[in-house]
Amino acid sequence: MAYPTPPKSKSDVRRAGQAISEGKGTDKDHSLVESWRASHGYVINTFQAMLRKRLAKLGIEADFAQRLKRRNTVIDKLQRADAKGKRLILDVTSMHDFAGCRIIFRNLNDLQYFRSFMHSTSGLKDVDHKLRHQDTEKFNYIARPKPSGYRGIHDVYRHFPRGSARREVRKPWDGLLVEIQYRTQPQHAWATAVEISDLLDGENTKFELDQSRRGRFFALASEIIARRVEGIDNAFEDTNTNHLLEELHDLENNLGILRRLRLLKQFEEEDLLQRHNVLNIYRVDDGSFELEILPFSRAQPAIEKASELEKSENSVNAVYVHADNPKHLRSAYRNYFYDPVDFVQIITSA
């Protein structure tokens, strides 16, 4: 299988990303950044194979999927700035989540055990991948939840496939970054609900710099889920759970977030999913959303189709995803199937 290779000059990619962040990007600049993004398809493939084998070896049941970061999301991140106007991303080649693998564990014990194994000599046997950060707790958002309420753990690796160092042959994809996301099912239910709700209401809650009432709603919901389902109490430490629930219900009465999530139709056409898929959410004439699934037998045409759709005015959200098991794909990318049932059930039963 032929995967696109990254541009030969990283400095050219950096300059292109800088131009785009300043609103001065040319077609050539956008093409360079797009080539850099697309080249991470190979990295996804090598990591997903390794991670699946490790999960099977340990006998851990988990949902697994991977994705190539969407083109529009890359451009949005490059152009984001803080309240003082400082760009949040200064070097596009340092973005560590172009390639992403997501593992959804049944419980926190499985998550911690598997991650510890991946940090051991046995976990990285026969490969030369390197953790980017010596501080392995740098992106531990379970121990230290984000203000938004996001929980999960991210590890970033530099990609060096088996034998590349021993043969001293520089491969085009050597050194590219890949992000592994570890979540439990309740944490994933929360993250899914945020994405679906944002899409429905045209908001961007998970990227808020200043917390809105929507942001407050989801931050409260995250802590309630953590306390009631996983026995974790590490945010809103001065507020008891009953008070959190009272505030959440008051916000729900004003915002109606749960009411809208309950109405969404669940996806029931898993037979359409294949190993390589483009999931495209688009808006129809009455203002509602539809999901289009485009299956492919190979990665490269799927990646190209996703990029094409992202440039279309009709597409709201298009992404290339790969999974050997379609049911796992649905679970790990439940936001594309409009299925927030886990989140709604957890919150309404709290």
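In strand S8, valine 319 is the bridge partner of leucine 279. That is a good place to step into this predicted model, since this one contact belongs to a longer seam. Strand S6 (residues 276-283) and S8 are joined by 7 bridges and run antiparallel. S8 itself is mostly covered, with 7 of its 8 residues buried.

Now cross S8 to its other neighbour. Strand S8 (residues 315-322) is joined to S1 by 2 bridges, again in an antiparallel arrangement. Here histidine 322 of S8 is the bridge partner of glutamine 66. Keep going and you reach strand S2 (residues 99-105), which runs antiparallel to S1 and is joined to it by 7 bridges. One partnership to look up on this side is that of aspartate 63 with isoleucine 104 in S2.

What does S1 itself look like? Strand S1 covers residues 62-68, and 7 of its 7 residues are buried. In a regular strand the side chains alternate between the two faces of the sheet. You can follow that here: Ala62, Phe64, Gln66 and Leu68 point one way, Asp63, Ala65 and Arg67 point the other way, and all are buried.

With these strands in view, the whole sheet is easier to read. It is an open sheet of 8 strands with mixed pairing, in the order S3-S4-S5-S2-S1-S8-S6-S7. Its edges are strand S3 (130-131) and strand S7 (289-296), each of which pairs on one side only. Towards the S3 end of that order, strand S4 (residues 153-158) and strand S5 (residues 177-184) run antiparallel and are joined by 6 bridges. There, histidine 154 stands opposite glutamine 181 in S5. Helix H6 (residues 185-201) packs on this sheet and touches S1, S2, S5, S6, S7 and S8. The direction of H6 makes about 110 degrees with that of S5.

Another helix to visit is H3. Helix H3 (residues 40-58) has 19 residues and reaches 27 Å from its first C-alpha to its last, close to the 27 Å expected at 1.5 Å a residue. An α-helix has 3.6 residues a turn, so residues three or four places apart point the same way. Try tracing that spacing through the buried residues of H3, which include Val43, Phe47, Met50, Leu51, Arg54 and Leu55. Just after H3 comes glycine 59, with a positive phi of about 70 degrees.

Next, the aromatic rings. A pair of aromatic rings is described by the distance of the centres and the angle of the planes. Across the whole structure, a search finds 13 aromatic pairs. One of them is the stacked pair of phenylalanine 105 and tyrosine 182, at 6.2 Å centre to centre and 20 degrees between the planes. Phenylalanine 105 lies in strand S2 and tyrosine 182 in strand S5, so the pair ties together parts that are 77 residues apart in sequence. Phenylalanine 105 counts as buried because its relative accessibility is 0%, and tyrosine 182 is likewise buried, with a relative accessible area of 0%.

A second pair, phenylalanine 218 and phenylalanine 343, is tilted, with 6.0 Å between centres and 35 degrees between the planes. This pair also links distant parts of the chain: phenylalanine 218 is in helix H7 (residues 213-230) and phenylalanine 343 in helix H12 (residues 341-348), 125 residues apart. Both of these phenylalanines are buried. Phe218 and Phe343 also belong to a cluster linked by ring pairs, together with Phe139, Tyr141, Tyr150, Trp190 and Phe217.

Some rings have a charged neighbour as well. Tyrosine 141, one of the cluster's members, has lysine 146 over its face, at 4.7 Å from the ring centre. Elsewhere, the charged end of arginine 102 sits over the ring of tyrosine 333, 5.0 Å from the centre of that ring.

To finish, return to the S7 end of the sheet and the loop that comes before it. Where is glycine 287 placed? Glycine 287 is in the loop between S6 and S7. Its relative accessibility is 34%, so glycine 287 counts as partly exposed. Glycine 287 and leucine 200 are 87 residues apart in sequence, yet their C-alpha atoms are 10.0 Å apart in space.

Notes: Residues numbered from 1 in each chain as written. Predicted model: local features only at pLDDT ≥ 70, side-chain atom pairs only at ≥ 80, totals over all residues. Heavy atoms only, no water. Helix = DSSP H or I, 4+ residues; strand = E, 2+ residues; numbered from the N terminus. Expected span 1.5 Å × (residues − 1). Buried < 20%, exposed > 50% of the residue type's maximum accessible area, 1.4 Å probe, protein only. Pairing = 2+ DSSP bridges. Contact = heavy atoms within 4.5 Å. Axes fitted to C-alpha atoms, helices over the stretch in contact; angles between N-to-C directions. Phe/Tyr/Trp six-rings, centres within 6.5 Å; stacked < 30°, edge-to-face > 60°. Lys NZ or Arg CZ within 6 Å of the ring centre and 35° of its normal.
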